[in-house]
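Me: I am new to this structure. Please take a close look at a single part of it with me.

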Amino acid sequence: MGEKITKNQKGEIIVLGHEPWPGYRKAFYIFFALGILYLLLAFTGVLSHGGGHG
């Protein structure tokens, strides 16, 4: 349990953990973009399979 815990000026606890695995940010943006794309397709009716939601 040698993690160093610091606090910012507001008194919020900042936990300094290990460095994340390489490329995590790129993967996050890819999955985020895929999620947004899925929502756009779902709400525009492409994924409704002819449901006819007006």
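Where is the place of phenylalanine 43? Start there, then show me what surrounds that place.

Reply: This is a predicted model. Phenylalanine 43 sits in helix H1, which covers residues 24-43.

Begin with the setting. The protein chain has one helix and two strands. Along the sequence they come in the order β-β-α. H1 has 20 residues. From its first C-alpha to its last, H1 reaches 28 Å. That is close to the 28 Å expected at 1.5 Å a residue. Beyond the helix comes glycine 45, with a positive phi near 95 degrees.

How far can this part be trusted? The mean pLDDT of the protein chain is 75. Of its residues, 61% reach 70 or more. Confidence is highest in H1, at 90. It is lowest in strand E2, residues 13-16, at a mean of 67. Where pLDDT is low, the predicted coordinates should not be read in detail.

Now back to phenylalanine 43. Its relative accessible area is 72%. Exposed means over 50%, so phenylalanine 43 counts as exposed. Phenylalanine 43 also belongs to a nonpolar patch on the surface. The other members are Phe28, Tyr29, Phe32, Ile36, Tyr38, Leu39 and Leu40. Together, the patch residues have about 940 Å² of accessible area.

Three members of that patch, Phe28, Tyr29 and Phe32, form one aromatic cluster. The structure holds two aromatic pairs. One of them joins phenylalanine 28 and phenylalanine 32. Their rings are 6.0 Å apart, centre to centre. The angle between the planes is 25 degrees. Planes under 30 degrees apart count as stacked, so this pair is stacked.

Both phenylalanine 28 and phenylalanine 32 lie in H1. They are four residues apart, about one turn of the helix. An α-helix has 3.6 residues a turn, so residues three or four places apart point the same way.

Phenylalanine 32 has a relative accessible area of 49%. Partly exposed covers the range between 20% and 50%, so phenylalanine 32 is partly exposed. Phenylalanine 43, at 72%, is exposed.

Last, set this part against the whole chain. Buried residues make up 0% of the 54 residues in the protein chain. The chain exposes about 5500 Å². Carbon and sulfur atoms supply 66% of that area.

Key: Residues are numbered from 1 along each chain as its sequence is written. This is a predicted model: local features need pLDDT of at least 70, side-chain atom pairs count only at pLDDT 80 or more; totals for chains, interfaces and linings use all residues. Side-chain values use heavy atoms; hydrogens and water are left out. Patches are made of residues with over 30% relative accessible area and no salt bridge: like charges are joined within 9 Å, nonpolar side chains (Val, Leu, Ile, Met, Phe, Trp, Tyr) within 5 Å. Accessible areas come from the Shrake-Rupley method with a 1.4 Å probe; for residues, only the protein chains shown count as cover. A salt bridge is a side-chain nitrogen of Lys or Arg within 4 Å of a carboxyl oxygen of Asp or Glu. Buried means under 20% relative accessible area, exposed over 50%, partly exposed in between (1.4 Å probe, protein chains only). Rings of Phe, Tyr and Trp (its six-membered ring) pair if their centres lie within 6.5 Å; planes under 30 degrees apart count as stacked, over 60 as edge-to-face and the rest as tilted. pLDDT is the predictor's confidence in each residue, from 0 to 100. The expected span of a helix is 1.5 Å times one less than its number of residues.
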